[in-house]
Every structure is written in structure tokens, then in C-alpha cells.
Amino acid sequence: MWNVTDWQNVVFGDESGFVLGTDDNHVRVWRCPGERYNSPHTVLRYTARTAGVMVWGGIAYDSRSTLIVMRGTLTGQRYVDDILRPHVGPFLNGLPETIFQQNNAHPHTARVAQDFLRHFQTLPWRARSPDLSPEDHVSD
């Protein structure tokens with residue numbers, strides 16, 4: 001069983017996409033809790049895709065990485081070239097006995113990313129494991 005000291009050596013890294021406009025082409029349905037989906041109450045809007053960015057960051061017990069802002073799709077190769085090699089590697093090398101934690105997003109599990117990360121200690125993420133955000137939490 002891990003204790004607080006063990007978790008103090010873990011660096012958590014993740015990315016999130018942000019739409020830089022008012023419409024991300026998703027259909028949203030507002031309803032009261034327990035109310036069933038009712039298609040006549042949906043509003044579909046077909047608009048051009050708005051610009052967006054991907055943001056990646058890492059946090060540790062007493063430090064944080066540089067916030068990295070990227071445009072476009074994050075592929076395994078871009079993850080290595082734009083995030084892992086220039087930012088994560090030096091960040092992890094600056095923290096002794098650090099363990100890197102990431103989820104199973106496709107860029108993270110790409111062979112090129114796994115090849116780069118074999119030089120670092122990583123904490124495995126179970127397949128189909130939910131993110132740690134409260135709204136995504138599922139009890140085992």
C-alpha cells in the first residue's frame with residue numbers, strides 16, 4: 001500500500017482541448033435530473049469548426065511543469081517531439097526518484113512515446129480506467 005511519501009514522488013501529466021469560440025459542434029441537451037431525453041427539445045447547429053488549442057501540463061507534490069499550448073491534433077510523434085523530449089524529460093530529470101503518471105490516451109500509448117518513456121520510471125494506468133476527476137469517478 002502506498003503512503004503519502006510514495007505519492008509525493010509521482011508527476012501527473014495530462015492534456016485537454018479547448019475550443020476558442022462559442023460552438024464546438026456538439027449537441028447539448030439541457031434537462032432536469034431524472035428527466036428523459038426528448039429529441040424535440042434539442043437544437044442542432046451546423047457551423048464551421050472553430051479554432052482550438054490543446055494544453056498539456058504536469059504537476060507534482062511541490063512543483064509543476066511549464067504549460068504547453070499546441071494547435072492541431074496530438075499524435076504520438078508530436079507528443080514526443082513537442083512535449084516529452086523538450087519538457088517532460090528535463091522536468092523528470094530535475095526531480096530525483098520521480099515516477100511519471102499519464103493515462104492511456106492514444107498519443108501516450110503510441111510506440112514512439114513508449115520508446116521514449118522507457119528511460120523513465122512510469123506508473124501503469126489500467127486499461128479503461130476513468131480519469132480521476134470527481135464526475136468521472138467509478139467505484140470498483
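This report walks through the sheet, the core, the salt bridges and the aromatic pairs of the structure above. The model is predicted.

## The sheet

Let us begin with the strands. Five strands make an open sheet in the order 3-2-1-4-5, and the pairing is mixed. Its edges are strand 3 and strand 5 (122-123), each of which pairs on one side only.

Moving in from strand 3, we meet strand 2 (residues 52-59), which runs antiparallel to strand 3 and is joined to it by 3 bridges. Here methionine 54 stands opposite methionine 70 in strand 3. Methionine 54 also turns up in the pairing with strand 1, as the bridge partner of glycine 17. Strands 1 and 2 are antiparallel as well, with 8 bridges between them.

On to strand 4: strand 1 runs parallel to strand 4, and 3 bridges join the two. One pair to look for is valine 10, whose bridge partner in strand 4 is isoleucine 99.

## Helix 2 and the core

Now for the helix that lies on these strands. Helix 2 lies across strand 1 (10-19), strand 2, strand 3 and strand 4 (99-101), and runs at about 175 degrees to strand 3.

The largest nonpolar core holds 18 residues, and those with the most contacts inside it are Trp56, Tyr79, Ile83, Leu84, Val88 and Phe100. At least two residues of this core come from each of strand 3 (68-70), helix 2 (76-93) and helix 4 (111-117). Helix 2 gives the largest share of the core, 7 residues.

Tyrosine 79 is a good place to zoom in. Which residues does tyrosine 79 contact, leaving aside its neighbours within four places in sequence? The partners are Glu15, Trp56, Leu74, Leu84, Phe100, Gln102, Pro107, His108 and Ala113. Among them, Trp56, Leu84 and Phe100 are also named with the most contacts inside the core.

Leucine 92 is another residue of helix 2. Is leucine 92 buried or exposed? Its relative accessible area is 6%, and the cut-off for buried is under 20%, so leucine 92 is buried. Leaving aside neighbours within four places in sequence, leucine 92 is in contact with Val11, Thr98, Phe100 and Phe120. Leucine 92 and valine 10 are 82 residues apart in sequence, yet their C-alpha atoms are 9.8 Å apart in space.

## Salt bridges

Side chains of opposite charge can pair when their charged atoms come close. In this model the count comes to 2 salt bridges. The table sets them out.

| Acidic residue | Basic residue | N to O distance |
|---|---|---|
| Aspartate 82 | Arginine 78 | 3.2 Å |
| Aspartate 81 | Arginine 85 | 3.1 Å |

Where do arginine 78 and aspartate 82 sit relative to each other? They are 4 residues apart in helix 2, which means that about one helical turn separates them. Aspartate 81 and arginine 85 are likewise 4 residues apart in helix 2, and so are separated by about one helical turn.

As for accessibility, arginine 78 is partly exposed at a relative accessible area of 25%, and aspartate 82 is partly exposed at 29%. In the other bridge, aspartate 81 is partly exposed with 37%, and arginine 85 counts as partly exposed with 47%.

## Aromatic pairs

A pair of aromatic rings is described by the distance of the centres and the angle of the planes. The model has 3 aromatic pairs. In one of them, the ring centres of tryptophan 2 and tryptophan 7 are 4.6 Å apart and the planes are at 55 degrees, so this pair is tilted. Tryptophan 2 is partly exposed, with a relative accessible area of 36%, and tryptophan 7 is partly exposed at 40%.

Phenylalanine 116 and phenylalanine 120 form another tilted pair, with ring centres 5.7 Å apart and planes at 35 degrees. Here phenylalanine 116 counts as buried at 14% relative accessibility, and phenylalanine 120 is buried with a relative accessible area of 19%. Phenylalanine 120 has appeared already, as a contact of leucine 92.

Finally, Trp2 and Trp7 are joined by Phe12 in one aromatic cluster.

Note on methods
Residues are numbered from 1 along each chain as its sequence is written. This is a predicted model: local features need pLDDT of at least 70, side-chain atom pairs count only at pLDDT 80 or more; totals for chains, interfaces and linings use all residues. Side-chain values use heavy atoms; hydrogens and water are left out. A nonpolar core is a set of buried Ala, Val, Leu, Ile, Met, Phe, Trp, Tyr and Cys residues joined through side-chain atoms within 4.5 Å. Buried means under 20% relative accessible area, exposed over 50%, partly exposed in between (1.4 Å probe, protein chains only). Contact means heavy atoms within 4.5 Å. A salt bridge is a side-chain nitrogen of Lys or Arg within 4 Å of a carboxyl oxygen of Asp or Glu. Rings of Phe, Tyr and Trp (its six-membered ring) pair if their centres lie within 6.5 Å; planes under 30 degrees apart count as stacked, over 60 as edge-to-face and the rest as tilted. Two strands pair if DSSP finds at least two bridges between them. Axes are lines fitted to C-alpha atoms, for helices over the stretch in contact, and angles run from 0 to 180 degrees between N-to-C directions.
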